[in-house]
Amino acid sequence: MSIYDSLNQEQREAVFCTDGPLLLLAGAGSGKTRVLVHRIAYLIEEKKVKPWNIMAITFTNKAAKEMRERVDDMIGYGASDCWVSTFHSSCVRILRRDIDKLGYSANFSIYDTDDQKRLIKEVLKSLQYDTKQFSERAMMNAISAAKEQYISPAEYMEDAVGDFRREKIAKVYVNYQKQLETANALDFDDLLYKTVELFEHHPDVLEYWQERFRYIMVDEYQDTNGVQFIFIKQLASKYRNICVVGDDDQSIYKFRGADVRNILEFEDFFPESTVIKLEQNYRSTKNILNVANSVIRNNTARMDKTLYTDNDEGETTTFAQYQDNYKEAEAIADEVSKIVASGANYKDFAVLNRTNAQSRVFEEKFGVYNIPYKIVGGVSFYSRMEIRDIVAYLKLVNNLSDDQAMKRIINVPRRGIGQTTVEKINEFAMEREIAFFDAASMVEEISTISKATAKKIAAFVEMIDDFTEIADKGDIAELYDKVVEETGYLNNLVLEGTEDAKDRINNLEEFKSKIVDYENNEAEPSLQGFLTDVALISEVDNLVSDDAVTVMTIHSAKGLEFPYVFLSGMEEGIFPGYMTINSGNDDDMEEERRLFYVGATRAEKRLYLSASKRRMVNGQQQFNKVSRFVDEIDREYLNFSPTVDSSAFSSDFAADIFTKTKPVAMKPAYTLKSEPKKYKDAVKDDSPFEIDYKVGDRVRHIKFGSGTVKEITPTGSDYEVLVDYDLRGVRRSFASFAKLKKEE
DNA sequence: CTCCTTTGTCTTTTT
DNA sequence: GACAAAGGAG
């Protein structure tokens, strides 16, 4: 009896296949984390591989943390020597050691999206670009896309020749990167990019890490982008013991540069690789998988793989459409309450949305229904203004070249240093290609700045110098105290006395306790280390311990599972999103479909789909048709009569989705390779649906078996029929969906 | 330089 | 409808 006995045939194969490249295609809920953890255990215990020769890379801190814990539990002593971390934090560790070889220094700052945006804005301004034509957002996306492909500013410039717009973007990229260098700062993409660059130009450094990591494992491989793939190739090219785990059907970050081709190209680069498929799902019921499979099979770009399960049939997935999103949220709240009353916990439920904005209604209605809930996403703790302000002080102290940090707080709290002064200092700094802080230290040399203003700036510089001295003592909490005190930041909030100010003070206190926590738990705490954690750790890493319903986007639900899952807003324009429909891009639509697949496969016991006829979007009332993804589900797997709130099942429901879905379904933009069953099959054009049975007749349902018709109610173009099934009891459904056959 | 009003914008987002 | 950014008055 060993720990490997609990694995199935394919899982065991994957665990024992330790040498050489391995491509593991693992469907949703097929136990891939289990395999990875067992594989690490096997390497250490059976193959006697040293723990520090093993590296496991994940995308999220949450995944890393979970794997870390499971490895520690299974292996115990020595396990902590193997690296289990995200791409980004691995890169930071590598860069802190050798980045000086690239002209940066080890105390580099990490710029988050906000810093990035501000810097780009400055660059656009200095280039005098029309921000209508060249939006910050577009520039950020373009630069990010370039870095994800490991395209340098110079290469980008070269490629862009002859293309007016791209030439202009190239200039932004060049300037942006120059500014980052002056600021001794790296953006998120740089963390990967610069590591790859380091490896490329310094073979000795690469070899050091190749020797270090002889066994490499990569989770969620389908979400790797170009530069991440290069990073993996570089590290693994010597020992070639590389195991990647992915599922092409769960690739939902293409918009962020993830490239499914990395799965296909893996075999090109590592031709000797073994491919193992994990197709047995242990998470969901047959019904849930049927729903997920019937939608995902409409995608053309897929690897050959079919998920199956030995689990029970389970309950039929329901679909319901409500008058508006308030009714929808109420119905969901109601259903949650009912199931909780019969013994479930609140934490067994998740409401998954396409967009964060959809969460708001649930916040409101769950409050009314007294249902404990937590909203994941939205404004994270570290992006609150007061936290960002104080972090900027700490970042500046850690890296005096950090221009974004400096510019953020030079006048926070207000100390009479305005925009024009900032611009004057900036100009001075740009001319000399020095950091903003250094320019500010030389303020008396800037002729355009008045004596009075210069005095204020000198005082600020002096204060930062004081902070730097305190920081050198190594006590972060003490530094924090000095900062909030000396700057008057805390005092200002106290004087304000508003509810809002009190909130902010609380947040700052929480932030301080995070500092203390860090100092107590870290082996070698440092300001730099703390700031790295702050930059890389996101709020989603929250504990799931409290008993509450989770409300979040499908994106953030990836890798999670819940007994009961509600996919709300199953509407054209919401899911699939408005942008995707308009772009007419098949690839984008396939990504939305994969997103549905990810959402549906989160459910263990029961899945609910719902839509609203009317909802507020961006301050405007919108009337949406039912999502095409609902169309694509084989009707036998769906129960169209809502168990939630039958009154919301309006009489014109059937007519509504028939007429509204049809024109959409006929547009060629998303014609599907295998024509799925459509509602129009059930109803012949616009003529009313005809039935050949009456009350008292014996009928047969494809799923529920035989029963007796109890009641028939005409609803315009359809009939609502109440049938007492011999095995399933009384159910109400629409004649067109139920497809009842009269028994002779 | 600061404060207040108007205008614009709006997917998803592991780090 | 919510929030940031830009513009104008004090």
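This is a short tour of a predicted protein model with DNA strands B and C, one selection at a time.

Before you start, note that residues are numbered from 1 along each chain as its sequence is written, while chains are lettered from A and ligands numbered from 1 in the order in which they are written. Because the model is predicted, local features need pLDDT of at least 70 and side-chain atom pairs count only at pLDDT 80 or more, whereas totals for chains, interfaces and linings use all residues; side-chain values use heavy atoms, with hydrogens and water left out.

**Stop 1: DNA strand B**

Select DNA strand B and show the residues near it (those with a heavy atom within 4 Å of the strand). There are 29 residues around this strand, and R354, G418, T420, S538 and T553 come nearest. Which parts of the strand face the protein? Sugar or phosphate accounts for 54% of the strand B atoms within 4 Å of the protein, and bases make up the rest.

Now zoom in on some polar contacts (pairs of N or O atoms within 3.5 Å; within protein, one must be able to donate a hydrogen and the other to accept it, and residues adjacent in sequence count only if both atoms are side-chain atoms). At G418, a polar backbone atom is 2.4 Å from a phosphate oxygen of DNA strand B. Select T421 next: a polar atom of its side chain lies 2.9 Å from a phosphate oxygen of DNA strand B. Colour α18 (419–432) and α26 (578–583), the elements that give two or more residues to this surface. Helices here are DSSP runs of H or I with at least four residues, strands are runs of E with at least two, and both are numbered from the N terminus. With three residues, α18 provides the largest share of the surface near DNA strand B.

**Stop 2: N618 and DNA strand C**

Move to N618. An N or O atom in its side chain is 3.5 Å from a base oxygen of DNA strand B, and a polar backbone atom of N618 is 3.1 Å from a base oxygen of DNA strand C. Around DNA strand C you will find K117, K121, R360, M616, N618 and G619. Pick K121 to see an N or O atom of its side chain 3.0 Å from a phosphate oxygen of DNA strand C. Of the strand C atoms within 4 Å of the protein, 47% belong to sugar or phosphate and the rest to bases.

**Stop 3: F349 and F566**

Hide the DNA and select F349 and F566. Their rings form an aromatic pair (rings of Phe, Tyr or the six-membered ring of Trp, with centres within 6.5 Å; planes under 30 degrees apart are stacked, over 60 edge-to-face and the rest tilted). The count for this model is 33 aromatic pairs. The pair of F349 and F566 is stacked, at 6.4 Å centre to centre with 20° between the planes. Why does this pair link distant parts of the sequence? F349 lies in strand β10 (residues 349–353) and F566 in strand β13 (residues 562–567), so the pair ties together parts that are 217 residues apart in sequence.

Are these two residues buried or exposed? Both F349 and F566 are buried (under 20% relative accessible area; exposed is over 50% and partly exposed in between, with a 1.4 Å probe and protein chains only).

**Stop 4: a cluster of rings**

Finish with F381, Y382, Y480, F511, Y518 and F530, a cluster linked by ring pairs. Add K514, whose charged end sits over the ring of F381, 5.0 Å from its centre (NZ of Lys or CZ of Arg within 6 Å of the ring centre and within 35 degrees of the ring normal).
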